[in-house]
Amino acid sequence: MCGIIGYIGNKDITSILLNGLKRMEYRGYDSAGVAVVENGGISIRKKPGKLMELESAVEDVRFTGQIGIGHTRWATHGEPNERNAHPHTSFRRRIALIHNGIIENYSDIKKELEGKGYEFHTDTDTEALANLIEEFYSDGTSLEEAVRLALSQVQGTYGIAVVSPGEPDKIVCARQGSPIVIGIGDDENFVASDVMAILDHTKQVSYLDDGEMAILTRQDVEIKTIENERVDREVEEIAYDLERINKGGYDHFMLKEIMEQPQTVRDTMRGRLLPDEGTARLGGLAMDFESLLYARRILITACGTSWHAALIGEYLFEEFVRVPVEVEYASEFRYRDPVLDNDCAVIVISQSGETADTLAALREARRKGVKVFGICNVVGSTIARETDAGVYLHAGPEIGVASTKAFTSQVTLLTLITLLLARMRSMSFNKGAEIVRGLQQVPDKIEKILKAAGQIRDIAEQYHTASNFLYLGRGYNFPVALEGALKLKEISYIHAEGYPAAEMKHGPIALIDENMPVVVIATQDSSYEKIISNIEEVRARKGRVIAIATEGDEAIKERADHVIYVPQTLECLTPILTSIPLQLLAYYIAILRGCDVDQPRNLAKSVTVE
């Protein structure tokens, strides 16, 4: 979650650290700080609030050092104030440390160190680790060895970078459960929690695995295990460039990413559809394809928006592949002790590929001997490296905290997997070719929906002061109702609930009155007549109906206060289209309420702590 950046080289340290933090502010924006080793000591500036507060604090400061670390925080232990902001120093200021993760046994460490005379000045778990490293950092012990000894006593998760004025030519970093990437430069090297922080300077990177540490100097990077065994790690080249992580003229990353969806859906399908065969090609699944093809049960696990995509995957697999599917919250998966056997396959979905709960579920499934397949967006991410096989979204970097383009790409990719498996089992060529044609038409249909953004903004004008929303859908569009409600909650702070439309009368109908906007996904599909009945139930109680309907459906205008049309498509593909207007509705409502849509309160993009 938190953003970590470290640099050693000959360039201006302030600009490198601040620009790196800007690239990662979506990972945490409760507070930010930098520490620079200079003049035989450690110079620190840190501020609560967003990065602009730190920028103001260092505006008139000229750091002379050329080794430093920076951090943007999403608070776990301690309020987001200045004293709890990172970097943290040890009691005698021999150590400066930035940390992403949670030190679970910090209370025991703190108590032991207090008994040795250490004083603590923050509410964080990180300060305990900084002091523990200092405890081991004696005259005869190197910084590398002190970090190693300290980490041997730590329980929990961490991605850390450590510097010391005692060794002013070295950064030591380590990883256990939180991502760390090393950037390789020319007489300079970088460490970060996100590759985007260092793309201005290098595309040559290496990723640390859990239980590994790296020692950076200007000329060299050495990777070892925590047990001090040397690791030979290939250097990878990042394929995308900086243009993909800029706003491109849009007011917000979220709006840019919504508008990118015709292209990102095309990119997800590029080279993967086989129209002449009515199927799909997914080379990333080839290594263990038979384990997925012949599975008698599939379990999909994910969190948040990815969980909603997984629910759509359940509908797809069960209808076309004819295999039973269960969808699990990754945060509950390993604690529930799920029944897994050799006939089961597990699919994990994560935009970032670093989601802590999803990663834990992956490892639990593999521990039980089950094949695990991954769907993620970030090349080189932990989930991409640890699954038995998997497929990338190719949606490009997603900066907005509220996921949009990743969701539609996930649903598109799940449809491709469904098509591949179903054609290998019992789906006819004609049906496969029909789905292929439908998929090929989806990007153009998304473009048509996006042209109605002005109409959706007008609707938002009428409802942005509402206190509650209800979202209803059936079949494939029930998960879309959940996703629409989540988007509104995330960025506008309006309470919203998604329900299967038929469940409305089993409780939520009590909430409906003239002040309750009800968003109903009412496309002309197999449950159309039923959803029309649900709309009538809302109208009978004076609820305000915003309908997402199929183009050409004029009758629904008599039953809804507002209608947003989407083009006709196959029923199984409707979620890709119907989710778009709900993203725009949430966006415009949040803007009208004065909310920060790219950095909503209390949220961060990549949840790397449990």
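Contact here means heavy atoms within 4.5 Å. Every view below shows a predicted model.

**View A. Helix H5 is mostly covered by its surroundings.**
Helix H5 spans residues 143-151. Seven of its nine residues are buried. They are Leu 143, Glu 144, Ala 146, Val 147, Arg 148, Ala 150 and Leu 151. Which elements cover the buried residues of H5? The cover includes helix H4 (126-136) and four strands: S7 (158-163), S8 (171-176), S12 (212-216) and S13 (221-225).

**View B. Eight strands build an open antiparallel sheet.**
The order is S3-S2-S4-S1-S10-S9-S11-S14. Strands S3 (41-48) and S14 (236-237) stand at the edges. Each has a single partner strand, so one side of each is left without a neighbour in the sheet. Within the sheet, strand S1 (residues 3-8) pairs with strand S10 (residues 189-192) in the antiparallel sense, over four bridges. In this pairing, Gly 6 is opposite Val 191 of S10. Helix H1 (residues 13-24) packs on the sheet. H1 touches S1, strand S2 (31-38), strand S4 (67-73) and S10. The direction of H1 makes about 155 degrees with that of S1.

**View C. Two aromatic pairs link distant parts of the chain.**
The count of aromatic pairs comes to six. One of them joins Tyr 7 and Phe 190 in a tilted arrangement, with 5.0 Å from centre to centre and 45 degrees between the planes. Tyr 7 belongs to strand S1 and Phe 190 to strand S10, 183 residues apart. Are Tyr 7 and Phe 190 buried or exposed? Both are buried. Trp 307 and Tyr 329 form a stacked pair, with 4.0 Å between centres and 10 degrees between the planes. Trp 307 lies in helix H9 and Tyr 329 in strand S18 (residues 325-329), 22 residues apart. Trp 307 counts as buried because its relative accessibility is 12%, and buried means under 20%. Tyr 329 has 40% relative accessibility and therefore counts as partly exposed.

**View D. Helix H9 is mostly covered.**
H9 runs over residues 304-321 and has 18 residues. The helix reaches 25 Å from its first C-alpha to its last, close to the expected 26 Å. Of its 18 residues, 13 are buried. Trp 307 of the stacked pair sits in this helix. Just after H9, Arg 322 takes a positive phi of about 60 degrees.

**View E. Two arginines are placed over tyrosine rings.**
Arg 92 lies over the face of Tyr 118, 4.8 Å from the ring centre. Arg 601 has its charged end over the ring of Tyr 493, at 3.9 Å from the centre.

**View F. Five strands build an open parallel sheet.**
The order is S23-S22-S24-S25-S26. Why is one side of S23 and of S26 left without a neighbour in the sheet? Strands S23 (495-500) and S26 (562-566) stand at the edges, so each has a single partner strand. From one strand to the next, the twist averages 20 degrees. Strand S25 (residues 544-550) pairs with S26 in the parallel sense over five bridges. Here Ile 546 stands opposite His 562 of S26. Helix H16 (residues 478-492) packs on this sheet and touches strand S22 (468-473), S23 and strand S24 (517-522). The direction of H16 makes about 175 degrees with that of S23.

Conventions
Residues are numbered from 1 along each chain as its sequence is written. This is a predicted model: local features need pLDDT of at least 70, side-chain atom pairs count only at pLDDT 80 or more; totals for chains, interfaces and linings use all residues. Side-chain values use heavy atoms; hydrogens and water are left out. The expected span of a helix is 1.5 Å times one less than its number of residues. Buried means under 20% relative accessible area, exposed over 50%, partly exposed in between (1.4 Å probe, protein chains only). Two strands pair if DSSP finds at least two bridges between them. Axes are lines fitted to C-alpha atoms, for helices over the stretch in contact, and angles run from 0 to 180 degrees between N-to-C directions. Rings of Phe, Tyr and Trp (its six-membered ring) pair if their centres lie within 6.5 Å; planes under 30 degrees apart count as stacked, over 60 as edge-to-face and the rest as tilted. A charge sits over a ring if NZ of Lys or CZ of Arg is within 6 Å of the ring centre and within 35 degrees of the ring normal.
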